[in-house]
Amino acid sequence: MRITKRSNIAMRVLMYCAARPGQRITKSAIAESCNASEHHLGQIVNQLAQLGYLKTWRGRYGGIALAQAPHEVRLGPVFRAFESDSPIAECFDPTTNTCPLVGACRLRPALAMAGNAFYSMLDAITLASLIDDNSDLLDIFEGKAPLSGLAQNDDDTPSQAVDRKLASR
């Protein structure tokens, strides 16, 4: 199973906001720290706000913040909201399915059970468990440490370091 980029960025946004309780945070600060385009991040922030995970303020003193305490945010519903349009396999989407085996295939129910187990596991995990006592994560968010596993040049931004790492694969 592969998580969509939208889900990945949504979790980065929530972790960043959870690490800064009570603060109004700018999208540009999150975009830089979490290696995401500000435009794409804006769409995700909007969806997170509509789902009730974020509060948003417009204008000169605007920003975003968590709308719930981190221990109240369970990961399963967040991932379901962002992954709902992404079928686990071709055969799960009746409009685009071209697989001739659907009528006799036993893989489809196995994949459905695996997907349900995945979400059930995420239901047990809170946002707080991702950030509490995680000084390495907080250092990255504060710009005190390079992104993990990335060799960072002195003049690299975190985004440039990630881009370089991805290009080397």
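**Helix packing, core and cysteines**

Helices H4 and H5 lie oblique to each other in this predicted model. Two packed helices are described by the angle between their axes and the distance between the axes. Here H4, spanning residues 75-83, packs against H5, spanning residues 107-123, at an angle of about 135°, and the two axes are 6 Å apart. On the H4 side, the meeting residues are Leu 75, Gly 76, Pro 77, Phe 79, Arg 80 and Glu 83, while H5 offers Tyr 119, Ser 120, Leu 122 and Asp 123. Sorted by character, the residues of this contact are five nonpolar, two polar and three charged.

We can turn next to the interior. The largest nonpolar core has 32 residues, and those with the most contacts inside it are Val 13, Leu 14, Ile 30, Leu 48 and Leu 54. Among the elements giving two or more residues to this core are helix H2 (27-34), helix H3 (38-50) and strand E2 (63-66), along with H4 and H5. The largest share, nine residues, comes from H1. Leu 14 shows how such contacts look for one residue: leaving aside residues up to four places away in sequence, Leu 14 touches Leu 48, Tyr 53, Leu 54, Leu 66, Val 78 and Leu 127.

Finally, the cysteines. A disulfide is a covalent bond between the sulfur atoms of two cysteines. How many disulfides are there in this model? The count comes to zero. Cys 34 is in no disulfide, and the nearest cysteine sulfur, that of Cys 17, is 8.7 Å away. With a relative accessible area of 6%, Cys 34 is buried, whereas Cys 105, at 29% relative accessibility, counts as partly exposed.

Terms used
Residues are numbered from 1 along each chain as its sequence is written. This is a predicted model: local features need pLDDT of at least 70, side-chain atom pairs count only at pLDDT 80 or more; totals for chains, interfaces and linings use all residues. Side-chain values use heavy atoms; hydrogens and water are left out. Axes are lines fitted to C-alpha atoms, for helices over the stretch in contact, and angles run from 0 to 180 degrees between N-to-C directions. Helices (H or I, at least four residues) and strands (E, at least two) are DSSP runs, numbered from the N terminus. Angles under 35 degrees count as roughly parallel, over 145 as roughly antiparallel, 65 to 115 as roughly perpendicular and the rest as oblique. Contact means heavy atoms within 4.5 Å. Ala, Val, Leu, Ile, Met, Phe, Trp, Tyr, Cys and Pro count as nonpolar, Asp, Glu, Lys and Arg as charged, and the others, Gly among them, as polar. A nonpolar core is a set of buried Ala, Val, Leu, Ile, Met, Phe, Trp, Tyr and Cys residues joined through side-chain atoms within 4.5 Å. Buried means under 20% relative accessible area, exposed over 50%, partly exposed in between (1.4 Å probe, protein chains only). A disulfide is a pair of cysteine sulfur atoms within 2.5 Å.
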